[in-house]
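Visitor: Give me a close look at one part, the largest nonpolar core. Set the scene with the whole chain, then go in.

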Amino acid sequence: MFSLEELRTLYDAEVIDDAGAMRLAAFYAGIERKRRSGGYTALKYLLALLAAAFLGGALVLAVRSWWGVLPDPVRVIFAVAPLVAAVVAGGHTILARRSRAWSEASAAGIMLGIFLALVLIDDIYQLGGRSGELLGSALWMGVAFVYIFGSAAGGAIFLAGLACGALPGGFSEFSLIGLLWAITPFL
């Protein structure tokens, strides 16, 4: 990083004039202020994440208490709404070329939204799916987003899903081998 001592050296060597030295000093002082306030920004993100988790939990509890009386179409909307929101955010991330954090969050949100939608649809229509089959289907559908977004968070979710599916009663051996093969290039 540029320091004010270097600025003084450039000024003394007459590489820059008074006006240039003042503009550079103001510019780098602004960068230094932004760098120092980074801790507060991280704290703001942490508090926003915590607030979102509490609000999400409250929403889940509220919907859960009324889940049995809601008609099936309304339950399906609740089941796919997080997935639709994550896909919209992912599309915005790609089209607007947002930051790496947006890519990570989009991939993770889509992968978790796929699993949530599958589990809730299975619950609504009593399809009788085993958890290992649902998890395997969600991982097969979600692995593409690991590559589309180049997401380490999505890869971590995928590997956590593999670990859960490898437990007794999880995936079949064929499905597990296929899923391992699908993630190998990312690793």
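Guide: Start with contacts (heavy atoms within 4.5 Å). Of those in the chain with a separation of 6 or more, 62% join residues 24 or more positions apart. This is a predicted model: local features need pLDDT of at least 70, side-chain atom pairs count only at pLDDT 80 or more, and totals for chains, interfaces and linings use all residues. Residues are numbered from 1 along each chain as its sequence is written, and side-chain values use heavy atoms, without hydrogens or water.

The chain has eight helices and zero strands (DSSP runs numbered from the N terminus: H or I, at least four residues, for helices; E, at least two, for strands). Its pattern reads α-α-α-α-α-α-α-α. Mean pLDDT (the predictor's confidence in each residue, from 0 to 100) is 75, with 74% of residues at 70 or more. Confidence peaks in H4, at a mean of 86, and is lowest in helix H8 (residues 173–183), at 60.

Of the 187 residues, 27% are buried (under 20% relative accessible area; exposed is over 50%, partly exposed in between; 1.4 Å probe, protein chains only).

Now the core itself. A nonpolar core is a set of buried Ala, Val, Leu, Ile, Met, Phe, Trp, Tyr and Cys residues joined through side-chain atoms within 4.5 Å. The largest one holds eight residues: Leu83, Ala86, Ala107, Ile110, Ile114, Ala117, Ala138 and Phe149. Helix H4 (72–95), helix H5 (100–124) and helix H6 (131–149) each give two or more residues to this core. H5 has the largest share, with four. In soluble globular proteins, nonpolar side chains tend to be buried together.

Look closely at Phe149. Beyond its neighbours within four places in sequence, Phe149 touches Ala107 and Ile110, both fellow members of the core. Its other partners are Gly90, Thr93, Ile94, Arg100, Ser103 and Ser106. Apart from this core lies another, of seven residues, including Leu139, Val143, Val146 and Leu162.

H5 also carries Asp122. Asp122 counts as buried because its relative accessibility is 13%. The C-alpha atoms of Asp122 and Leu134 are 8.6 Å apart, with their positions 12 residues apart along the chain.

Finally, the outside. The chain exposes about 12500 Å², and 71% of that comes from carbon and sulfur atoms. Leu47 lies in helix H3 (residues 38–66). Leu47 counts as partly exposed because its relative accessibility is 49%.

Conventions
Accessible areas come from the Shrake-Rupley method with a 1.4 Å probe; for residues, only the protein chains shown count as cover.
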